[in-house]
Amino acid sequence: MAAAKNSLPVRPESPGADRPGILAACDGSDGSLWALDRAMTEAELFGLPLYVLAVVNPSPAGYPPGMAELVQQSIELLTDSMADGLRRAVATVQAARPRPYGGEVSLHVVLGSVIEVLLAATAGQHTLVVGTRGNGGFTRLLLGSVSTAVVHHSGCPVLVVPAPPVPGPAGAPAPVPVRATAPPSLPD
């Protein structure tokens, strides 16, 4: 998938449930890039398409009457910017992987409430992969509001990818990267 930056089309709707795949939530944060890498691994492992979804919520509180028309151009710019960000995220993760992801990928930028859009998009999917913000210390023990909501209400299994371990002091052993492996087969 050595494609040019603008060659990946971005769809304005969530992936449909007609073809289950691995759904990766991506907002451009480091946590979402780690999740995207893991989602690529999961998609390869299970031979499924990869759907990368970003959600743009241009007005969390809603618009007063008549304002939606006035801000439409700003919404389009925000959506275009997020689409470019998704393309860059995929390219960044691809460049960092030992072997680039070669499977089917589609990008989706949807307007709406992040939690509502993600939950609706999980219907019929194989797995939703989300990252964490990677905050240090005590906050690392807590999930963010989006992660918590999707873990409790998703229509498919959820994989929450934590931040990689921080390297220890000089002389300490380097952390061992963990890669996905096939789950053991369950007896019939």
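**Reading a predicted fold**

Biologist: Glu-104 has a relative accessible area of 39% and is partly exposed. Where does Arg-19 stand on that scale of relative accessibility?

Modeller: Buried means under 20% relative accessible area and exposed over 50%, with partly exposed in between (1.4 Å probe, protein chains only). Arg-19, at 41%, counts as partly exposed. This is a predicted model, in which local features need pLDDT of at least 70 and side-chain atom pairs pLDDT 80 or more, while totals for chains, interfaces and linings use all residues. Residues are numbered from 1 along each chain as its sequence is written, and side-chain values use heavy atoms, without hydrogens and water.

Biologist: What joins the side chains of Glu-104 and Arg-19?

Modeller: A salt bridge is a side-chain nitrogen of Lys or Arg within 4 Å of a carboxyl oxygen of Asp or Glu. Glu-104 and Arg-19 form one, at 2.7 Å from N to O. The two residues are 85 apart in the chain, so this pair links distant parts: Glu-104 belongs to the loop between helix H3 (72-96) and strand E4, and Arg-19 to the loop between E1 and E2. Helices (H or I, at least four residues) and strands (E, at least two) are DSSP runs, numbered from the N terminus.

Biologist: How many salt bridges does the rule yield, and which of them lie within a helix?

Modeller: The count comes to six. Among them is the pair Glu-42 and Arg-38, at 3.0 Å from N to O. These two are four residues apart in helix H1, a separation of about one helical turn. Glu-42 is buried at 8% relative accessibility, whereas Arg-38, at 25%, is partly exposed. Asp-84 and Arg-87 also meet in a salt bridge, at 2.9 Å, and lie three residues apart in helix H3, again about one helical turn. Here the acidic residue Asp-84 is partly exposed at 25%, and Arg-87 is buried at 14%. Salt bridges with shared partners also join Asp-37, Glu-44, Arg-97 and Arg-99 into one network.

Biologist: In what order do the strands of the sheet run?

Modeller: Two strands pair if DSSP finds at least two bridges between them. The sheet is open, has six strands with parallel pairing, and follows the order E1-E4-E3-E2-E5-E6. E1 (10-11) and E6 (158-161) are at the edges with a single partner strand each, so one side of each lacks a neighbour in the sheet. The pairing of E5 (residues 127-131) with E6 is parallel and has four bridges. Leu-128 has Val-158 in E6 as its bridge partner. Helix H4 (residues 114-121) packs on this sheet, touching E2 (22-25), E3 (50-56), E4 (105-111) and E5.

Biologist: Which residues of H4 are buried, and which are exposed?

Modeller: Val-117, Leu-118 and Ala-121 are buried. They cover an arc (of the directions from the helix axis to the C-beta atoms) of only 95°, which puts them on the same side of H4. Glu-116 and Ala-120 are exposed on the other side. The cover over the buried residues, by contact (heavy atoms within 4.5 Å), includes E2, E3, E4, E5 and H5.

Biologist: Which residues are buried in H5?

Modeller: In H5 (residues 145-153), they are Ser-147, Ala-149 and Val-150. Their arc around the axis is only 165°, so they share the same side of H5. Ser-145 and His-152 are exposed on the face turned away from the buried side. H4, E5 and E6 are included in what covers the buried residues of H5.

Methods
Axes are lines fitted to C-alpha atoms, for helices over the stretch in contact, and angles run from 0 to 180 degrees between N-to-C directions.
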